[in-house]
Amino acid sequence: MLPKPSANAASEALASCRSAFLAVALFSAVVNVLMLTGSIYMLQVYDRVLPSRSVPTLIALSIIVAVLYILLGVFDWLRQRVLSRIGIMLDRRLSSPVVSIILSAQVRGAPGAMQLSRDLDSVRGFLSGLGPTTLFDLPWIPLYGGLCFILHPYLGWTVVAGAVVLIVIALLTEFLSRRPSAEGARAGAERSALLEAMRRNAEAVAALGMERRVTALFDSVNDRYVATGLGASDITSGLGTVSKIVRFMLQSVMLGLGAWLVMQDQASSGVMIAASILSSRALAPIELAVGNWRPFIGARQAWHRLKAALGDARRDPLVTPERPKQQVALEHVFVAPPGSPSPVLKDIGFALKAGQGLAVIGPSASGKSTLARALVGVWPAQRGSLRLDGATLDQWSAEQRGAMIGYMPQDVQLFAGTVAENIARFDSEVSEEAVRAAAKAAGAYEMIVRLPRGFETPIGEAGGILSGGQRQRIALARALYRDPFLVVLDEPNANLDAEGDAALTAAIGSVRARGGIVVVIAHRPSALAGIDLVLVLAEGEVQAFGPKDEVLRKTLAAAPPAAADVGSPTSKMMVTANARG
């Protein structure tokens, strides 16, 4: 079972890495202390070895320094490995909640949801780079500066001046790169969304000769993305070069100042060399911070977006109602598509009892598919409530709600995988018997076993190796998997032949016979077979609701004489169903 996103999943994931960050801080402390090795070595060589001309002392110092440098490398390697694993740990903790948010955002029509996946990649990539080690090295700058003050106050104040200049450069980098980085993130999200839309519609693009035009559209978006990225890169690289020049100049200034102090008999030759090394080490973290500012800004923005998105995630309830067995009721429900303030469904109210089947009919754009999405909880109601045995859908977790609802959308979409995996909804605890039972209930068992590898046949992306009718029957089996209480089918017979229609009628009958409820969005008359109730929608409002024969007879009698001549699908359905029933 997937981890459940919590209201503070990002903070919890980061808190779980606290001990690892403490280990990195400890390793950084050891690394920065060992960084003094070079300065102390030079100081001892110039002030002790050369005056004494002692070869054994030089050899002993050199062996000690070699060991310390090996330890320096080991601890630096260890902290980098720990940081890389922190990135992987965060990715593992947050990837499932991020995918859940992306899916729910796609359902709600919220734009830019895929950016969250790239944000997680950005955070993981930053933690695996040099940026975090630089941040852990910054607090040790006062140590090196203080040692320079011990060597001579002039040397210490020179380091302070250089640090102030580099800090100003770092602040300029932050100020100047913030806006281009944000614009680049937005342009990148727009580019990715467009590329995904082009991929989904590749067949239509090829068939309609739109390739050159959509490529030109992508080029314009891509040019804006590249331009914003180039602007941010120019700022960070330019200021990074300035900071590098300042550090090189400061190192030479320290050498020159040390030489002057030696000539004034205020310092030794070892102090001159050691101070130059110390100043370089003191200012290196600031310079590296400026050079790594762009990935740091990107990772920081990505983390803020992740925290905001995960903070909006709803916790699953700790105690849920029992699985419904008796009734589905809509009470004064108003539903609008995601992002639209105007409701498509207005004041919808009806109730269905266990064992009943409802057909929803009406002209195009009357709100039938919107009603289907509302019934399964995909589009929540603006007002009113949908209740199963008195409980609203949000009283169950998404996984529990999915287990008691079967849904077959108008646009059938299957996943790359086997037939069995798609029927079982990729359940990790798949039951062979439940898969076979669902296939038989959908009348698809014989069709499936005739496939090259039966239930284990890989169907390709979006079920590409299957016909439209085969995809629809497998989707019907998926909707019936593990006997859900409420089954909603949106135009389930759009691609079915006579055999498929008969299987659909049998499937509807089997759901009703076991005490389930079936709602069918219908355009073709054959979908009304096996149904006992009909609801007529027009312009988002209920025009009629009741027993099938009664509603169809009244609706047909109330229709204007011209309706039958127009030949609309709904009129034909009413005439055909009335003749049958």
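**View 1. E183 is partly exposed at 27% relative accessible area and shares a salt bridge with R179.** The model is predicted: local features need pLDDT of at least 70 and side-chain atom pairs pLDDT 80 or more, while totals for chains, interfaces and linings use all residues. Residues are numbered from 1 along each chain as its sequence is written, and side-chain values use heavy atoms, without hydrogens or water. Buried stands for under 20% relative accessible area, exposed for over 50%, and partly exposed for the range in between (1.4 Å probe, protein chains only). R179, at 63%, is exposed. The N to O distance of the R179–E183 pair is 3.2 Å; a salt bridge needs a Lys or Arg side-chain nitrogen within 4 Å of an Asp or Glu carboxyl oxygen. Both residues belong to helix α8, four residues apart, or about one turn of the helix. Helices (H or I, at least four residues) and strands (E, at least two) are DSSP runs, numbered from the N terminus.

**View 2. A nonpolar patch lies on the surface.** W157, V160, V164, V168, L172, F175 and L176 make up this patch of about 680 Å². Patch members have over 30% relative accessible area and no salt bridge; nonpolar side chains (Val, Leu, Ile, Met, Phe, Trp, Tyr) are joined within 5 Å, like charges within 9 Å. Areas are Shrake-Rupley values with a 1.4 Å probe, and for residues only the protein chains shown count as cover. V168, one of the patch residues, sits in helix α8, which spans residues 153-200. V168 has a relative accessible area of 43% and so counts as partly exposed.

**View 3. D121 and R124 form a salt bridge in helix α5.** The closest N and O atoms of this pair are 3.1 Å apart. Helix α5 covers residues 115-127, and the two residues are three positions apart in it, about one turn of the helix. D121 is partly exposed at 37%, and R124 is also partly exposed, at 27%. The structure holds 13 salt bridges. Elsewhere, D76, R79 and D137 are linked in a salt-bridge network.

**View 4. E331 and R387 join two strands by a salt bridge.** Their closest N and O atoms are 3.5 Å apart. E331 is in strand β1 and R387 in strand β4, so the pair ties together parts 56 residues apart in sequence. E331 is partly exposed, with a relative accessible area of 37%; R387, at 26%, is partly exposed as well.

**View 5. Four strands form an open antiparallel sheet in the order β2-β1-β4-β5.** The edge strands, β2 (345-353) and β5 (391-392), each pair on one side only. Pairing requires that DSSP finds at least two bridges between two strands. Two bridges join β4 (residues 383-388) and β5 in the antiparallel sense, and L388 stands opposite A391 in β5. Helix α13 (residues 368-375) packs on this sheet and touches β1 (327-335), β2 and β4, with its direction at about 120° to that of β1. Contact is taken as heavy atoms within 4.5 Å. Axes are lines fitted to C-alpha atoms, for helices over the stretch in contact, and angles run from 0 to 180 degrees between N-to-C directions.

**View 6. Six strands form an open mixed sheet in the order β6-β7-β8-β3-β9-β10.** At the edges are β6 (405-408) and β10 (541-547), each pairing on one side only. From one strand to the next the twist averages 15°. Strands β3 (residues 357-361) and β9 (residues 533-538) run parallel and are joined by four bridges; V360 stands opposite L535 in β9. Helix α13 lies across β3, β6, β7 (486-490), β8 (517-521) and β9, at about 155° to β7. Helix α19 (residues 498-513) also packs on the sheet, touching β3, β7 and β8, and its direction makes about 145° with that of β8.

**View 7. D389 and R425 have positive phi values.** Most residues other than glycine have a negative phi. D389, which is not a glycine, has a phi of about 50° and lies in the loop between β4 and β5. The relative accessible area of D389 is 33%, which makes this residue partly exposed. R425, also not a glycine, has a phi of about 60°. The loop that holds R425 runs between α15 (419-423) and α16 (432-441). R425 is partly exposed at 30%.
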